[in-house]
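Colleague: Got a minute to walk me through this one? I'd like to start with the sheet.
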Amino acid sequence: MIGGRLLALILILATIGFIVVGTLRPNQSGSYVSDAQAKLMGSTSTPQDAVNTLLQQIGRRNWSAAYSSLANKSEFAESDFVRDLNGDYGSLRTYANLDGFDAQPLRASTDEAQVRANLRWASVVGTFEDSRDLRVVRNGGRWQVMWPIVKQAKVPPQVLPVNYLRWDVIYRGAEDDWGAQDVEAPHVRIVAMHPVDRGGGVVILGELLNEDVVPAFVTVKATLLGSNGAALATEDSFDKISHILLPKQVSPFRIDFKKVRLSDVDNVRIQPTASLVAASADPVIGIESQKLTPVPDSSLTGDLVNQSGQVVNVVHVIGTFYDAGGQIVWVADEYPSRALLPNTPVHFTIPLPADVSNKVGSYRVVASSYSSNRFQ
């Protein structure tokens, strides 16, 4: 049991490190600066130049210069402008870097233009996009951007009663004389598994059940075997799974093999691993206004509502999609870039491949959360 406990600790630290350590040391490569864009730094002679210059300043986190260049800066404070772009409450947006952008002119006249700016942000758990329609106005001999700030709702002072389950774990200490006795690891079980051929590789889709009465930190590893029984490849579902499962909870998982063809696979050996962890049923994340959008914008959208009184810094949303017969046809996820404040909806969008969208008969969405105050 000591080995299982150490494994649980290592996995937890790895997960936290993936989100926290990586965000505290974001990529500073500045790869978002192309040669063409760099030549436009400081130029405001055209609407396109003004937008490119502003986005370059944002990419360099030169907030003062970006704010000072705005035509409507009198409408909000610089701190509001920074918060709109950079997020707050330790969200993914707070530590993301502008990885690239493009500006598309929509219309223009002598003294006014409209440009759509598509910004791509890079974070430790992947990229996310932000699209803004920018109004650009002529001011004397230069053009200035009117920034469409998105104001965040304020949470009013209130008291939220909580009533949730919590599991604490007491392990054997160095001076405890328990013999070989220790707390048993949770029992988990694969309840669905479906391999598919995807993009020249193999994708394993499935679901994992914690059938125990205690919480579990879970992972799933899969090995593809050839006709001679030899292992072709081994991968795990590190970022396509809800790692902490409360009793009787089910998590989807997805494991991607990019360089193996399904026709070469004779068998799949799949191994779930579970370790006992302390956990609680709080915070509760409500999932509301779910909507499946068909092609060409195939996706599942909805709103996440933090029903607790604590701030959720990072939330991970995973969708499991089934065909009319109940078989899993896809598993996809998203990390919304903004933190979840109490009782304040945050929109999410889980993209779907076009060919999968037409097969979906039903779906299920789960959300797992990370709050920094749990580890303070």
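Modeller: Sure, and keep in mind that this is a predicted model. There's an open sheet of 4 strands in the order β1-β2-β3-β4, and the pairing is antiparallel.

Colleague: Which strands are the edge strands?

Modeller: Those are β1 (97-108) and β4 (142-146), and each pairs on one side only. Neighbouring strands in this sheet are turned by 30° against each other on average, ignoring direction.

Colleague: And which helix packs on the sheet?

Modeller: Helix α3, residues 47-59. It touches β1, β2 (112-123), β3 and β4, and its direction makes about 160° with that of β1.

Colleague: Back to the strands: how many bridges join β3 to β4?

Modeller: There are 5 bridges between β3 (residues 126-139) and β4. Arg-135 stands opposite Met-146 in β4.

Colleague: What about Ser-123, buried or exposed?

Modeller: Ser-123 lies in strand β2. It counts as buried because its relative accessibility is 15%, and buried means under 20%. Leaving aside neighbours within four places in sequence, Ser-123 is in contact with Leu-92, Ala-96 and Phe-128.

Colleague: New topic: what kind of peptide bond joins Asp-282 and Pro-283?

Modeller: A cis one, with omega about 5°. Pro-283 sits in the loop between β13 (279-280) and β14 (285-293). The bond from Val-295 to Pro-296 is cis too, with omega near 10°, and Pro-296 is in the loop between β14 and β15 (299-306).

Colleague: Last one: where is Tyr-89?

Modeller: In the loop between α5 (78-86) and β1. Tyr-89 has a positive phi of about 60° although it isn't a glycine, and at 44% relative accessibility it counts as partly exposed.

Definitions and conventions:
Residues are numbered from 1 along each chain as its sequence is written. This is a predicted model: local features need pLDDT of at least 70, side-chain atom pairs count only at pLDDT 80 or more; totals for chains, interfaces and linings use all residues. Side-chain values use heavy atoms; hydrogens and water are left out. Two strands pair if DSSP finds at least two bridges between them. Helices (H or I, at least four residues) and strands (E, at least two) are DSSP runs, numbered from the N terminus. Axes are lines fitted to C-alpha atoms, for helices over the stretch in contact, and angles run from 0 to 180 degrees between N-to-C directions. Contact means heavy atoms within 4.5 Å. Buried means under 20% relative accessible area, exposed over 50%, partly exposed in between (1.4 Å probe, protein chains only).
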